[in-house]
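Work through the exercises below with the sequence and the model open. Each task is followed by a stepwise solution.

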Amino acid sequence: MTIAPPTTLAPQTTAIRCVGLKKSFGKGATEVKALRGVDFEVKSGSLVMLVGPSGCGKTTLVSIISGVLDADAGSVELFGVDWSTLRGDAKTGRRGSVVGFVFQQFNLLAPLSAVQNVAVPLVIRGVSQREALRRAGDALAAVGLGDRLRSRPSQLSGGQQQRVAIARALVGNPRLLVCDEPTAALDAVTGQNIMELIKNASRSLDDQGQSRCVLVVTHDNRVFHYADRIEQMDDGMIKAKADDFVYQEQQHHVDDRARNGAGGHG
Ligand SMILES: Nc1ncnc2c1ncn2[C@@H]1O[C@H](COP(=O)(O)OP(=O)(O)OP(=O)(O)O)[C@@H](O)[C@H]1O
Ligand SMILES: [Mg+2]
């Protein structure tokens, strides 16, 4: 893995700036307004979590930020570059070099082995096959899958596929790492390990010595404490006050533990 050791020396810049983002799916009676005018800003060097009920627009928002999906209106700036005006190859090229995206559904290529899947973004960027496979092997070892390089996705558990997807997002050393539910399929210990890895990415510098940024969509209150900031979405909007939500979620967690008889054990 080529990620540098954690440091806090890099100056903070605005990593993500979204203004007035709107996105609808379908037309007429079946139209769904997934985003209703989202304003959202994240500084580099930070790990921001995005939470909110199912269907509120989290995947839509991070897909637009990552350049996987185009907005109907509004703008996205990544590290000072207006991303929303880019189209076609210019957008694909920039996405490949700036953003690592972990899809909610993994999106691994079924016929390829784990190491080949992780190597794909490097090969697309012109890295030789041999070097790409070497770096992919390192990235898989870093997520604890050094012994499963040749397994196909169908031969891996959900959590292992999740880790392959994370290795694929990190292998290109992206300045922005976006993870959609990275710990949903993982047990508590593996989830913490993955979050440590993701948190380190937010604290490390890229090849040019510039600080990175990590955006994580999650329902998983076991990992909320890794966030520098938590933003709550509801019905296509970012809610003004997120802290109450965090408190409530943690309170639910405590209540559940109390109900299950675990409340007295810290
Ligand atoms: N390709 C699509 N076609 C039609 N509707 C869509 C499409 N993608 C998303 N939607 C709708 O847009 C809304 C927001 O979806 P989105 O996937 O962003 O939600 P989410 O917050 O990520 O939910 P979850 O927590 O379940 O993953 C939902 O009502 C969804 O049904
Ligand atoms: Mg989603």
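**Exercise 1.** What share of the contacts in the protein with a separation of 6 or more comes from residues 24 or more positions apart?

Solution. The model is predicted. Count as a contact any two residues whose C-beta atoms, placed from the backbone, lie within 7 Å. Among contacts with a separation of 6 or more, residues 24 or more positions apart account for 72%.

**Exercise 2.** State how confident the prediction is, and where the pLDDT is below 50.

Solution. Start with the average: the mean pLDDT of the protein is 85, and 86% of its residues reach 70 or more. Then find the exception: over residues 247-266 the pLDDT is below 50, and this stretch has eight contacts in the model beyond near neighbours in sequence.

**Exercise 3.** Derive the strand order of the open four-stranded sheet and identify its edges.

Solution. Take the pairing of S1 (residues 14-25) with S4 (residues 73-78): five bridges join these antiparallel strands. Within this part of the sheet, Ile 16 stands opposite Leu 78 in S4. The full order is S2-S1-S4-S5, with antiparallel pairing. S2 and S5 (81-82) each have a single partner strand, so one side of each is left without a neighbour in the sheet. Finally, place the helix: H1 lies across S1, S2 and S4, at about 125 degrees to S1.

**Exercise 4.** Which elements each supply at least two residues of the shell around ligand 1?

Solution. The elements are strand S2 (32-43) and helix H1 (58-65). H1 gives the largest share, three residues. Residues around the ligand include Val 32, Ala 34, Lys 58, Thr 59, Thr 60 and Gln 104. By class, the shell has four nonpolar, seven polar and one charged residues.

Methods: Residues are numbered from 1 along each chain as its sequence is written. Chains are lettered from A and ligands numbered from 1 in the order in which they are written. This is a predicted model: local features need pLDDT of at least 70, side-chain atom pairs count only at pLDDT 80 or more; totals for chains, interfaces and linings use all residues. pLDDT is the predictor's confidence in each residue, from 0 to 100. A residue is near a molecule or strand if its C-beta atom, placed from the backbone, lies within 6 Å of it. Ala, Val, Leu, Ile, Met, Phe, Trp, Tyr, Cys and Pro count as nonpolar, Asp, Glu, Lys and Arg as charged, and the others, Gly among them, as polar. Two strands pair if DSSP finds at least two bridges between them. Axes are lines fitted to C-alpha atoms, for helices over the stretch in contact, and angles run from 0 to 180 degrees between N-to-C directions.
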